[in-house]
Amino acid sequence: MKIIRGGRVVDPGTGTDAVLDLLIEGERVTALAARIAPPVGATVIDASGLVVLPGFVDMHTHSDFTLQHDPGALARLHQGVTTDVTGNCGFSPFPLPRTSRGFGSFFSSRLDPGFPDLDAYAAHLESLGTAVNVAPLVGLGAVREHVAGSDPRPPSDEAVSAMRRLVADGLDQGAFGVSSGLVYTPGRFAAADELRRVIAPLRGSGRFYATHLRDERDGLVASVAEAISTAERAGVDLQISHHKALGKANWGRTEQTLAMVDEANARGGIEVAVDYYPYTSGSTGVSSLLPPGSLDGGWPLLRARAGEGAERLRLLRHLDGAAQFRPDEIIIGRSRTRPEASGRALPDYAAALARAPVEALLELILAEGESLTMIVPAASRDDLDRVSAHPAAMHGSDGWLMTAGQARHEHPRNLASTTEVLVPALLGRTPLDRAVRHLATAPARRLRLDGRGTLRPGAFADITVADPERAAAYESSRGAEAGAASERAYPDLMRWVFVNGEPAIENSRPTGRRPGKVLRAA
């Protein structure tokens, strides 16, 4: 038994905002009161001056590809995250044939072979033990990879039926929903009608369809319309992932897309929600800059064609002018084959080689394949503020890395996304109840996680205890969002983090315990 004594308990789900004691017995919160007499043998934790919050539920992560190798999940715990929602953007480690080792290499170069289903993946993760809970989605990219590989052609009726069976199997095994990534291979080959047919098993289940839209730039409005139409025709709730408007020409269009969300919710057939991360910069795979069709024959064929001649010239021209980001906008992520490029602005790296930036970029893409990431300008501050203030919004980091060392040259959302939401609230610039609702209450509600994302008696003791005095120090010490040489470190904000009643962070230090679970939808 443990008592968290005298902290400011904030739980928007129950309307609580008061200085209280909180009693933990086993995995559960069993009492909240102004004063709780310590039972015999109870540990008393002094939370005076601290803020006691429901453990954060990160609505959008890709940690299913990295928790296998770093189950201690330090990057998650130091942000107060107690549950990761995985399987986003169409990527999940299941259902995949054993030959699909390269699927998901964008997130981890240390990939295990694919798992045939959720049960097999969950058994593997549980055999390791994880520091955080995992709420898995079924990635429709993995489903299509399982049935059709990287074939861009529309699937046959038999193939669609096979994909639908895989989705149904995942739901039967407890997946919380499904996701698509309509800019990534093979998900981008899926037309709206295919998606509607494949996600049909969701109807009536209470689970949702999450999507990385087909286009977040010039086609943003049309892509939101497609997503809403697909969900409405299928009769399933919709989650629009990391909602934003890319490119200056499109800034401000979230006003229109959020109105479309409101209109869909007013019609009442389905519930539409959005998630966001609190940065105007973004991160994605560098290979996404390639022109459509470049990877239809796979990487070996692309490398053979791109060595010289007309195909190389076509690629260079596209990367220099038609790709979604210009070479001069790109900061290179962590490079395995060219470590000297890691974390550097592409023009600086190219200048050191006495090469044109576009030539250096193509060489990096061909050398790294799917695994190389980049940090790029993305949204406007006005759009970010508009999305994050919307009633249908919740936080999702889009993170995947588990340690500060891994994240050194990657996007800072891997280490500090929840902190960027919480710190302004602790400093009084944004409402604290809204921050906690976005970080815990709303994601838990969307997932129908009974007893998580709240601190009511009977709830699971997933708890984050933050130190508001450290908020100002964090803000003053952090670097630029995406500085080329930025050092990445864990935010020093969380004093205690409990997962299923066990302390995973204790007096600001990891305990090494792995009390997390692979959660299953009811």
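Trainee: Six strands form an open sheet here; in which order do they stand, and what is the sense of their pairing?

Mentor: The order is β9-β10-β11-β12-β13-β17, and the pairing is parallel. Strands (E, at least two residues) and helices (H or I, at least four) are DSSP runs, numbered from the N terminus. Before we go on, note that this is a predicted model, in which local features need pLDDT of at least 70 and side-chain atom pairs count only at pLDDT 80 or more, while totals for chains, interfaces and linings use all residues. Residues are numbered from 1 along each chain as its sequence is written, and side-chain values use heavy atoms, with hydrogens and water left out.

Trainee: What makes β9 and β17 edge strands?

Mentor: Strand β9 (138-139) and strand β17 (393-395) each pair on one side only.

Trainee: How do you know that β10 and β11 pair?

Mentor: Two strands pair if DSSP finds at least two bridges between them, and strand β10 (residues 177-181) shares five bridges with strand β11 (residues 208-212) in the parallel sense, so the condition is met. Within this pair, Gly181 stands opposite His212 in β11.

Trainee: Why is strand β7 described as largely enclosed by the rest of the structure?

Mentor: A residue is buried under 20% relative accessible area, exposed over 50% and partly exposed in between, with a 1.4 Å probe and protein chains only. In β7 (residues 81-86), six of the six residues are buried, so the strand is largely enclosed by the rest of the structure. Strand β6 (residues 56-58) runs parallel to β7 and is joined to it by three bridges, with Phe56 opposite Val81. Strand β8 (residues 133-136) also runs parallel to β7, through four bridges, and there Ala135 is the bridge partner of Val85.

Trainee: Why does Val224 count as buried, and which residues is it in contact with?

Mentor: Val224, in helix α6 (residues 220-234), has 0% relative accessibility and therefore counts as buried. Contact means heavy atoms within 4.5 Å, and, leaving aside neighbours within four places in sequence, Val224 is in contact with Leu213, Ile240, His243, Thr257 and Met260.

Trainee: What is notable about the phi of Cys89, and is Cys89 buried or exposed?

Mentor: Most residues other than glycine have a negative phi, and most peptide bonds are trans. Cys89, although not a glycine, has a positive phi of about 60°; Cys89 lies in the loop between β7 and α2 and is buried, with a relative accessible area of 4%. Asn500 also has a positive phi, of about 50°; Asn500 sits in the loop between β19 (494-499) and β20 (502-506) and is buried at 3%.

Trainee: Which kind of peptide bond joins Phe94 and Pro95, and which kind joins Thr185 and Pro186?

Mentor: A cis peptide bond joins Phe94 and Pro95, with omega about -10°, and Pro95 lies in the loop between β7 and α2 (118-128). A cis bond also joins Thr185 and Pro186, with omega about 0°, and Pro186 lies in the loop between β10 and α5 (192-198).

Trainee: Why is the protein chain, with its 15 helices and 21 strands, called as compact as a globular protein of that length?

Mentor: The radius of gyration, taken over C-alpha atoms, is set against the globule rule, which is 2.2 Å times the number of residues to the power 0.38. The chain has a radius of gyration of 23 Å, close to the 24 Å given by the rule for 522 residues, so the chain is as compact as a globular protein of that length. Buried residues make up 60% of the 522 residues.
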